[in-house]
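Trainee: Could you take me slowly through one part of this model, the metal site and the loop beside it? I would like each term explained as it comes up.

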Amino acid sequence: MKSTMDYPSKISNMNGITVIYDNRALNGLESGWGFSALVSFRDYKILFDAGGDGEKLLRNCRKLGIDLKEMCCVFLSHIHEDHTGGLWSVLEKNPLRVYLPASFPPEFKSRAGKYGAVVEISDPTEILPGIHTTGEMGSIREQAILLKTSTGLVVVTGCSHPGIVNIAKEAKKIDNVYLLAGGFHLLGSNKRELKKIAEDLKTLGVQKVMPCHCSGDRARKIFREEFGDNCVDCYAGKMVEFR
Ligand SMILES: [Zn+2]
Ligand SMILES: [Zn+2]
């Protein structure tokens, strides 16, 4: 088990995901209903979602040695409070460009626009070199971020309201999926449905999964059975590196 002392230097150099905010937490971090992660890729450090509670998010950032000033921008998956509630505490400390679904309420966009540029996303787009969005999907209008790594796509999702399989299908239009990480929204699914979802993801060629946040314990157990060591445990404080 890594100690918190290992975090700072590692985070600044790696291509990877560091989970900042999740329903589960280890290594002295605080847990909370919601999701946020630092996505580091090439020259970019992106805050993916902002959790539900801004003060908790900032405390976890401090413990992880994450410096908000190093970030280029925020990527918001969807409007729900457990992914956007922490945003204002972050922007207050450090104004950043925000990529958000175009369907967000006008009041939200203008409030975010007081701190920095707001980039509205509707369609699949390459937002930064090698970094794509699926564009808005489903009735809740959610986007996922896609990183074009040398081993395939790393996909990070917020809640996966459009369906985790649909998101994987959308990602596959760009490249094969190496890692699918984030909330999978499977708390209400039974064992049979979960097995089918795991099989569908495997059929699509998804190599690794990291079910976080709203995925649920039952899903985590079944994904572990189906993917073995390629199912990565998720909690605030978890770091995953890739090339
Ligand atoms: Zn959520
Ligand atoms: Zn949600």
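Mentor: The 4 donor atoms around the zinc ion (ligand 2) subtend angles of 92 to 170°, which makes the arrangement irregular. Four donors count as tetrahedral if all angles lie between 85 and 135 degrees; four count as square planar, and six as octahedral, if opposite donors are over 155 degrees apart and all others between 65 and 115, and anything else is irregular. The pair His 78 and His 161 links distant parts of the chain, 83 residues apart, with His 78 in the loop between β4 (73-75) and α3 (81-84) and His 161 in the loop between β10 and α6. The protein donors are His 78 (NE2), His 80 (ND1), Cys 159 (SG) and His 161 (NE2), which lie 2.1 to 2.8 Å from this ion. Donors are N, O and S atoms within 2.8 Å of the metal (3.2 Å for Na, K and Ca), and since water is not among the atoms, sites may look incomplete. Along the chain the donors of this zinc ion follow the spacing H-x1-H-x78-C-x1-H. Cys 159 coordinates both this ion and the zinc ion (ligand 1), and the two ions are 3.7 Å apart.

This is a predicted model, in which local features need pLDDT of at least 70 and side-chain atom pairs count only at pLDDT 80 or more, while totals for chains, interfaces and linings use all residues. Residues are numbered from 1 along each chain as its sequence is written, chains are lettered from A and ligands numbered from 1 in the order in which they are written, and side-chain values use heavy atoms, with hydrogens and water left out.

His 78 is buried, with a relative accessible area of 0%, whereas His 161 is partly exposed at 23%. Buried means under 20% relative accessible area, exposed over 50%, and partly exposed in between (1.4 Å probe, protein chains only).

Ser 160 lies in the loop between β10 (152-157) and α6 (164-172), where helices (H or I, at least four residues) and strands (E, at least two) are DSSP runs numbered from the N terminus. Because its relative accessibility is 2%, Ser 160 counts as buried. Although Ser 160 is not a glycine, its phi is positive, at about 60°. Its side chain makes a polar contact of 3.2 Å with the side chain of Thr 157, and a polar atom of that Ser 160 side chain lies 2.7 Å from the backbone oxygen of Gly 183. A polar contact is a pair of N or O atoms within 3.5 Å; within protein, one must be able to donate a hydrogen and the other to accept it, and residues adjacent in sequence count only if both atoms are side-chain atoms.
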